[in-house]
Amino acid sequence: MSKESPYEQFSSFDMYPLFIPRICYLVKDMNNSNNSFYLFIVSKVGINSKGGRLDRKYDTIQLWGLKKIEEDFGYISINKKKLMDKIAGIFNSFSINFKDPDFKDFYVVGSDSFKTMSFLTPKRKETIKSFSDEGFKLEVRNSILSFGIPDMLTVENAEITSKFLNEI
C-alpha cells in the first residue's frame, strides 16, 4: 500500500476492520494534479458466529476509492434511500433533511449541516444523481472522500468507480 495514501487517516483503526487493503493504485490526472485519487483492492471481511464466538472470514474482493478533497467537511454519508434508511432517519439526529426535490432520493447524514450543505454543490449533486448503481457508498471524513460499490470486483465496477472519483 502506498505510504502517501490517505487510508490510515481515513480508517477508524478498529481492531477488526471490515476492509483490509491488499493493493493500492494512485490514479493521476495528467491535466490536473489536484484531481488524483487512490483505488484500493480490498478484502471485505465478514463476521460470523460459531458457538458463541465470532470468527472472521473473507467474503469478497472489492474496489474502493479514496480522494483527498479541498476542505474539511466533517463527517458525511450519502447513499440512495432504501426502506431501512427511511426508518432509521426517524431516529437519527444527524440527518440532513433536504428541501431540494431533485435530491430527495438520497439519504444524507452529516455531523455539521452547514459543512454538509457546502459539500453538496450543484456539480457534486449532479455527479451523485447520475451514478446508476443504487448500492454505492459515499462517505466523507474530514477532507477524505471514500467511494465504492459493495459488490464483487469487476472491470465494469472499476471503470465506474474511477469515472465517479474523477468527476466528483
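Leaving aside its neighbours within four places in sequence, which residues is I128 in contact with? The legends below take up this question first and then turn to other close-up views.

The structure is a predicted model, in which local features need pLDDT of at least 70 and side-chain atom pairs count only at pLDDT 80 or more, while totals for chains, interfaces and linings use all residues. Residues are numbered from 1 along each chain as its sequence is written, and side-chain values use heavy atoms, with hydrogens and water left out.

**View 1. I128 and its contacts.** Beyond its neighbours within four places in sequence, I128 is in contact (heavy atoms within 4.5 Å) with I78, F103, F106, L120, F136, L138, F164 and I168. I128 is also among the residues with the most contacts inside the largest nonpolar core, which has 24 residues, and the others named with I128 are I78, F119, L138, V140, L145 and F147. A nonpolar core is a set of buried Ala, Val, Leu, Ile, Met, Phe, Trp, Tyr and Cys residues joined through side-chain atoms within 4.5 Å. Two or more residues of this core are given by each of β2 (37–50), β4, β5, β6, β7 (144–148) and α5, and the largest share, 3 residues, comes from β2. Another core, of 7 residues, lies apart from it and includes C24, Y38, V42 and W64.

**View 2. The two sides of helix α4.** Helices (H or I, at least four residues) and strands (E, at least two) are DSSP runs, numbered from the N terminus. In α4, the residues R124, K125, T127 and I128 are buried, where buried means under 20% relative accessible area, exposed over 50%, and partly exposed in between (1.4 Å probe, protein chains only). These buried residues cover an arc of only 160° around the axis, so they sit on the same side of α4; the arc is that of the directions from the helix axis to the C-beta atoms. On the other side of α4, P122, K123 and S130 are exposed. The buried residues of α4 pack against β4 (75–80), β5 (106–110), α3 (113–119), β6 (137–141) and α5.

**View 3. Salt bridges within two helices.** A salt bridge is a side-chain nitrogen of Lys or Arg within 4 Å of a carboxyl oxygen of Asp or Glu, and by this rule the count comes to 4 salt bridges. In one of them K129 pairs with E126, with the closest N and O atoms 3.1 Å apart; because these two residues are 3 residues apart in helix α4 (residues 122–130), about one helical turn separates them. K129 is partly exposed at 27% relative accessibility, and E126 is partly exposed at 47%. In another, E167 pairs with K163, with the closest N and O atoms 3.8 Å apart, and the two are 4 residues apart in helix α5 (residues 155–167), again about one helical turn. E167 is partly exposed at 33% relative accessibility, whereas K163 is exposed, with a relative accessible area of 53%.

**View 4. E139, R141 and the loop residue N142.** The side chains of E139 and R141 form a salt bridge of 2.6 Å, N to O, and R141 is partly exposed at 28% relative accessibility. N142 is found in the loop between β6 and β7, and has a positive phi of about 60° although it is not a glycine. Most residues other than glycine have a negative phi.
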